[in-house]
Every structure is written in structure tokens, then in C-alpha cells.
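Colleague: Could you take me through one part of this model in detail, the place where the two chains meet?

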Amino acid sequence: MKIAVCVKQVPDSETRITLAAPGPELDRSGFTRVLNPYDAFAVEEAVRIKERLGADCEITAVTIGSDRAVETLKKDCLAVGCDRAIRVNEPALENAEPLQTAKVLAAVLRRGAYDLILTGKQAIDDDSAQVGPMLAELLDCSQATVVTKLELGEGVFTATCEIEGGAAVVRGSLPAVVTCQKGLNEPRLPSLPNIMKAGMKPQETLTCADLGLEIPAARTRVTTYSPPPPRAACRMVAADDPAAAARELARLLRDEAKVI
Amino acid sequence: MPNIAVYIEQSGGTAKKVAWQMTAEARRLVDRTGGEVWAVVLGDAAGAAEAGRHGAHRVFTASGDAFARYDAETWTRALAAFVAARRPDLLLVGATATGKDFAPRLAARLDAACVSDCVGLDFDGGFRLRRPIFAGKCYAEVAVEAPVAVAGVRPNAFPLFAGGGADAPAESFDPGLGGFAPHAAVVETLTSAEKKIELTEAEVIVSGGRGLKEAANYQLIETLAAAMGAAAGASRAIVDAGWVPHSHQVGQTGKTVSPKLYVAVGISGAIQHLAGMSSSKCIVAINKDPNAPIFKAADYGIAADLFEVVPALRDAIAALD
Ligand SMILES: Cc1cc2nc3c(=O)[nH]c(=O)nc-3n(C[C@H](O)[C@H](O)[C@H](O)COP(=O)(O)OP(=O)(O)OC[C@H]3O[C@@H](n4cnc5c(N)ncnc54)[C@H](O)[C@@H]3O)c2cc1C
């Protein structure tokens, strides 16, 4: 079995976005970058499958990113059990839209006959949740999104997907693109010796030209980044007597805020 | 003059609320710019009868056995066939589990612009879509630079149509599926035994955090939620502690919600939690620490012991007439 895990390096969830005024640029220079938390579930799932199947399984981590992303590939992918890594280094794809990303990833994935392509259900920076289904279309294969349980059989898979108020069970043939959700597994942390050894695993760096691909054109453009609408200061309800405070709050919610 | 198609997702023979929120917003837009709103229905068209009342000018339907159970590939092909035949400038899809599953696939097939989770829709010769990024810490205005765009729309972002629309004529279209067999499909749907209100669709949410002290006390949240007709949510701290399933988690790595009213109980207001709920219209915080960051995000606050305030609030709400 050949597994590809598509990962992205993103600003850490503690990141504060400071925007004095709306404008066409977002200053991303000070961000601390980490593996997208949902991609960690994808990496972990691949490693668990490999642990079940033994040597007959190879995991390739794939990313599009600048030199900054090398550390994430090494520490969060190779050091926890991926066998090799491919990075597409193309400055024009910095902050690419999902369809550009998916086209380039698809070009990488077409070079190997992968049975299973795992990725996170969304990246926590642009929150688009698009790359997985786009990849499945470009590769003309099965998809299952927001997956909390995955079972593999002979050329087939069964995935439990989170939906409103429950779950949907998706069954289909491999190859498949599966986007991973919290609950699928508990990602392990890399050990120090494994981080040291990770540097020895094969790592390939490509450009779009190497893939025989022109840099895909964007179909959208962000014209303005703006801060969230400001909120008025919190109105504190006097709390000396909890019952009176609760009554006052209920009244405010009904008569002033008009939300109940 | 843009024509806007709206995919009408149905569940159990009725259209989802977000579908009519989209037809409404699209109608308000084309009433300014010219153009039409087209409701597009796959499978059983029962839920589409009211499309005109919700702002649509026309209804397009495709029926057949292929739509008996959902799969992303069939939906993608059918809607791609519709777009090829009718050439709408924009196709709106609700940001539901199903919508998020197929919309990007459809965009890839059409080589279209694709914008997720929109909360604002405008047109000035080209579409401009507004959406939260970084889980709501920032908003992006996105210009479409392609002949066609697929846009996901967040539930509850837009009000329903109040303009009293007329009956919309319906016609069928050919989904072009002739013998198509998908690689994968939904074979079973599991719904939790109790009929719970879905967080992302709820108008009111009551969430609890570590301030509840132990799992059994989450029942305080459920009781208050029931009294308010609300969905019950949670901070990650109590999800990780195993008190409630992950499907309850609100925040950057949980659900992003924007209800009319969000009540945070015993939640400190960590940046990752705020990210998931700060676009709620009205936020109430109940926390015994008057310096908890949640109060900075809230509209109304009570700085007191939740074990005293929550039962009292339930009674006070029940007592409202
Ligand atoms: C990558 C990453 C992703 C994350 N994603 C999320 C996410 O999606 N959602 C999320 O919620 N968190 C997320 N977190 C975790 C987040 O940083 C916080 O740890 C978490 O939100 C804290 O939960 P809490 O507010 O319930 O607990 P605490 O921070 O422990 O706060 C408990 C609060 O209860 C109050 N309290 C205690 N007793 C009482 C009482 N008797 N009456 C009233 N108030 C009381 C306290 O004053 C305190 O403010 C994430 C963290 C990381 C690193």
C-alpha cells in the first residue's frame, strides 16, 4: 500500500491578527508556524495503517512550502513515521488559493500510484476545507471528508464522516482522498532520537517546472483584509444576588438584545 | 446582470434553512443589479415548491434514481451539467456537511473560483464575497476573477426573504449521468438517538467549560439549553477530558458558530475558543473570575458562581412570558 499525506504549515492557533485598518495586505511575518493540527490526524492515521500492514506500506508526506516548511516535514512527518517527503518550493504559490494548491498536489500525486491520500479536513489559516475534495476530482477517485473512523479492505475503504447531528458511513473503492477530523486518532509526539534520524530519510524538493506544470492561475483575489466588526463593551449585570442577576439578564436578553 | 443559482439542499422532503437564506440574499442582490435567482434541486423536488416565496425567479430540477443516496461525484456531475447548460455566474451552496463535501469538487471540475463559508455577498461588475479567515480573527473580501464561481454560504449569515415573492416556474434539466457509477457513496446515516439541535444551525447555543468541575455537571448546560431551545456546546478542555464528544466542541479546532445568542458558562475565553464563536450576534458570559478574557468578547456578563446563576437563569427564562 502506498499512502500520501498532504500537509500544510500554518500559523499556530495562538496567533493574533493585528490589523489597524482594512487593507490589501496581511502582515504574516511574525507568525509562529506549525503543522496544521488536522494534518496531524492524517499523519498519525497513515503511521497506524503502516504499523498494521508492516513493511508492505510506504508513506510519503507532501507539502507545498518555502524552506520554512522543511522543519515541519522533518519533525512532524518523518520523525513520527513517514518514510519520505516531497516539497514543492514555488514562491509564487505562497498563500495560494486551494484550487492552485490542489492542481500542484495532484501533479505530484500522479507521479506515484497512491492507494490512499490523507489530509486534514481544513487548514486553520484560510479555513477553506477545499483541497481534499478538489484533489479527489482532479485524480478522479473516491472521497470521504471530515472522517472520524477509517477502515481499509482489499481495494476498498469504509469511512465514518461527521455530519449534522450524526455520522454518515461512506464506502468506496481505493484510491481515495480522505480528510481527517479530530476523533480519528490521538497523534503521537516525535521522540528526540527520531527527530535526529528523520534527517536521513529521503526528501525531494521540486518546482512546478520539474512537474511539467505551469504555475496554475488564481481564480480569486483577496482585495481587503479587515478586522472583525468591533463589539461594544460588556455590560456587567450586578451579581450580588444570583437569582436577581439571572432575572435581570433574562429581561435584557428579551427586551434589549431581543434574542430570546 | 448576474444570474445566481442556489443549490437547494433538502432533508426529509424539506429544504434546509440555509437554502432559503441564500435565495433571499441572492434576490436582494439581483433586485439591485438585475439578473435572476435560480433554485436548483436534485432528486425529490417536494421541498422546492416554496422557492418562489423565498426569492427565486425560477426552479430547475433533475430527478432520477441516482439521487436516492448522496455521493459527491454524482452531485458534482449533475450540478456541473446544470452550470454548463445554463451558465449562471455564481452558484451558492450552503456550508453544511454535504455542501462542504461536494462544492470544492464541483469547483475543481468546472475550473471555477471557489470561496468557502461566505457571510457577505456583493457585486460591482464582479462578485465580491466576504468571509472569515483564521477562524474569525480576520475577514477577507474576495474578488472573483473567473467566469463562474462556487461559493459556500454559512448558515444564519443572511435573513429570509421578506419581499413576498411570486410562484417560480419549474423546469427540469438533464443531469448528464447516463450510466455513471460513483467510486464511493454514503451507505448508511447514523443519527444520534436523542434529537439534538445541530450546533452550526442553532439560533441559540449554551456552552460549558472546565468551570463545571466534573462531567456530571454538564447536565446543567443541557437543562439550560433545553429551556432556551438551544444547542449545547463545549470548550475543548471538557472535550479533551472526555466529558462530551468532540462534536460539541466550539472553537478553532471545533465548530465555528454564529448564533443569535451564545451563552458561555465557566469558559475562560481562550483565543482558540473565541475564534469559533466571536461572530455570534449576542454573547453572554457567566464566569466567577471578573478578569476572565471571555468578558472582553461578551455583550452581557455575570461575574458569579455558575452553580448559582445557571439554575436561576433557567428559572428566570421559564418565567418570562
Ligand atoms: C491547537 C489548539 C487548538 C485549540 N482549539 C480549541 C477549540 O477549538 N476550542 C476551545 O474551546 N479551545 C481550544 N483550545 C484550547 C484553549 O487554549 C483552552 O485551553 C480551552 O478553551 C480552555 O477551556 P475552558 O475555558 O473550558 O477552561 P479554562 O481555561 O480552565 O477556564 C475555566 C473557566 O471557568 C471559570 N470557573 C471555574 N469555576 C467556576 C464557577 N464555579 N463558576 C463560574 N466560573 C467558573 C474559571 O474562572 C475559568 O475562567 C485549543 C488549543 C490549542 C493549542
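Modeller: Sure, starting with the contacts: 89 residues of chain B touch 79 residues of chain A, where contact means heavy atoms within 4.5 Å. This is a predicted model, so local features need pLDDT of at least 70 and side-chain atom pairs count only at pLDDT 80 or more, while totals for chains, interfaces and linings use all residues. Residues are numbered from 1 along each chain as its sequence is written, chains are lettered from A and ligands numbered from 1 in the order in which they are written, and side-chain values use heavy atoms, with hydrogens and water left out.

The two chains bury about 6900 Å² between them, 55% of it on carbon and sulfur atoms; buried area is the accessible area (1.4 Å probe) that two parts lose on being put together, summed over both. On the chain B side, R105(B), F134(B) and Y300(B) lose the most area to chain A, together 11% of what that side buries.

Now the charges. There are nine salt bridges between chain B and chain A, each a side-chain nitrogen of Lys or Arg within 4 Å of a carboxyl oxygen of Asp or Glu. One of them joins K103(A) to D111(B), with the closest N and O atoms 2.7 Å apart. The side of chain B that touches chain A splits into 45 nonpolar, 19 polar and 25 charged residues. In that split, Ala, Val, Leu, Ile, Met, Phe, Trp, Tyr, Cys and Pro are nonpolar, Asp, Glu, Lys and Arg are charged, and the others, Gly among them, are polar.

The ligand belongs in this picture too: it lies between chains A and B.

Key:
Near = heavy atom within 4 Å.
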